[in-house]
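Q: Please take me through the labels attached to this model, setting each value against the cut-off behind it.

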Amino acid sequence: MSEHHHLHNATVACVRLHDPASGLDGYIALHETDLGPAAGGCRLWSYADGDAAQADAVRLARGMTYKNALAGLPFSGGKAVLRRPEKDFDRTALFQAFGRAVAQLDGRYVTAEDVGTSVADMQVVASMSRHVAGLPPEAGCAGGDPSPWTALGVFESMQVGVAQVLGRSLEGVTVAVQGVGNVGADLCRRLQGAGARLVIADTDAARCFALAKEVGASVVGVDQIASVEADVFAPCALGGALDHEVAKNLKARLVCGAANNQLATPDVAALLLDRGIVYLPDYVVNAGGIISVSAEYLGEDAGHVGQRVAAIAPRVAALLARATAENRSPAEVADEMAEQVIANARAMQAA
Ligand code: NAI
């Protein structure tokens, strides 16, 4: 069964996943444009109902198109959202069933790990379909955990942002990091190396204190991290970190972090602009992960990944220059730049 939503002239096709035997229940959303096949991770999460899962898949797939477009990748946006079964379940059977669904799409969708899924899950998918990435790397090829690449892109973007907004290097700059999981922890290590001061928070207290000890960070509560005295706020937990309340109370002058969908609602971008806070769009700075995963799928080597990740910070610089010159939010300018890339791909197809 397939439903269609119209968003920005491109159709989001939704494939329903439903296999009672394994507990598979969810959606694959394909925001198909002329950029190429749809690529984006597979999320396993608890949702109130099927509609909530579908809405998340559609929103995330559309976001992936913008991310892929600006990162210069030959892919449209896709996303799989699986509803976590309430009772105990057979994880292998679930991901085998998901793998069969991916196989049926025959390359229209390329999957990888995301929130709630792992390399091991993707290895199960790979037993059913070759349209999967985020597997352990083969010698000489790109692949493996994409988090370090994501952290690198965020770090270099932050350097550009701090230079532009504060006119200084990261030395002595205070960065508040919300969420110190795979990406957040790696980012903290890089920031420590650059001489930044760190304030961190994580709902996982043990993880938070262990990292604090390692990198010499101070720890605050999760309800304080967004309003703590800091120069930079780095959301690296889940989405929606920036809502009206947070935007009003933020002391940092720059926001740059790895989390997807940081703006709880699009109008928060304007609120931040009004307050003189520079928000570096999430999907521009956190593209390192999809850059690594897509290179793996395409059979490229780590050198290609390094080159594309190195292009993120200069892109941020160009984006900021344009946003400043036009007194617009970087989020709005980034969307426009991505839409231009999509339109160019359409024109190429038509020619
Ligand atoms: P992760 O699951 O390893 O880390 C997330 C951390 O945030 C966990 O330690 C968790 O305990 C913590 N957390 C959850 N809610 C919190 C809250 N309210 N306050 C403070 N901490 C909280 O995930 P990962 O891989 O580090 O990703 C982080 C974010 O970056 C996610 O939004 C993800 O979608 C995004 N992202 C990750 C990429 C990657 O390569 N891993 C690529 C692009 C985006």
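A: A polar contact is a pair of N or O atoms within 3.5 Å. In this predicted model, an oxygen atom of the ligand lies 3.0 Å from an N or O atom in the side chain of Asn 260, so that pair counts as a polar contact.

Q: What makes the pairs that Arg 207 and Ser 147 form with the ligand polar contacts as well?
A: The side chain of Arg 207 places an N or O atom 2.4 Å from a ligand oxygen atom, while a polar side-chain atom of Ser 147 is 3.3 Å from a nitrogen atom of the ligand; the cut-off is 3.5 Å, so both pairs qualify. The protein covers 77% of the 830 Å² of accessible area that the ligand has on its own.

Q: Which elements give two or more residues to the shell around the ligand, and how does that shell divide by residue type?
A: Those elements are α4 (147–166) and α5 (182–193), and the shell residues comprise nine nonpolar, nine polar and four charged. The ligand takes up the space of the largest pocket.

Q: Why is Asp 106 called exposed?
A: Asp 106, in the loop between α2 (91–104) and β7 (109–110), has a relative accessibility of 62%, and exposed means over 50%, so the label applies. Its phi is positive, near 55 degrees, although Asp 106 is not a glycine.

Q: How do you know that Asn 327 is exposed?
A: The relative accessible area of Asn 327 is 60%, which is over the 50% cut-off and therefore counts as exposed. Asn 327 sits in the loop between α12 (312–326) and α13 (330–350), and this non-glycine residue has a positive phi of about 50 degrees.

Technical notes. Residues numbered from 1 in each chain as written. Predicted model: local features only at pLDDT ≥ 70, side-chain atom pairs only at ≥ 80, totals over all residues. Heavy atoms only, no water. Helix = DSSP H or I, 4+ residues; strand = E, 2+ residues; numbered from the N terminus. Buried < 20%, exposed > 50% of the residue type's maximum accessible area, 1.4 Å probe, protein only. Polar contact = N/O pair within 3.5 Å; in protein donor to acceptor, adjacent residues only side chain to side chain. Areas by Shrake-Rupley, 256 points an atom, 1.4 Å probe, with all protein chains shown as cover. 1 Å grid on protein atoms, 1.4 Å probe; cavity = no way out; pocket = protein on both sides within 12 Å on 5 of 7 lines; lining within 4 Å. Sits in = over half its atoms within 2 Å of the grid points. Nonpolar A, V, L, I, M, F, W, Y, C, P; charged D, E, K, R; others polar.
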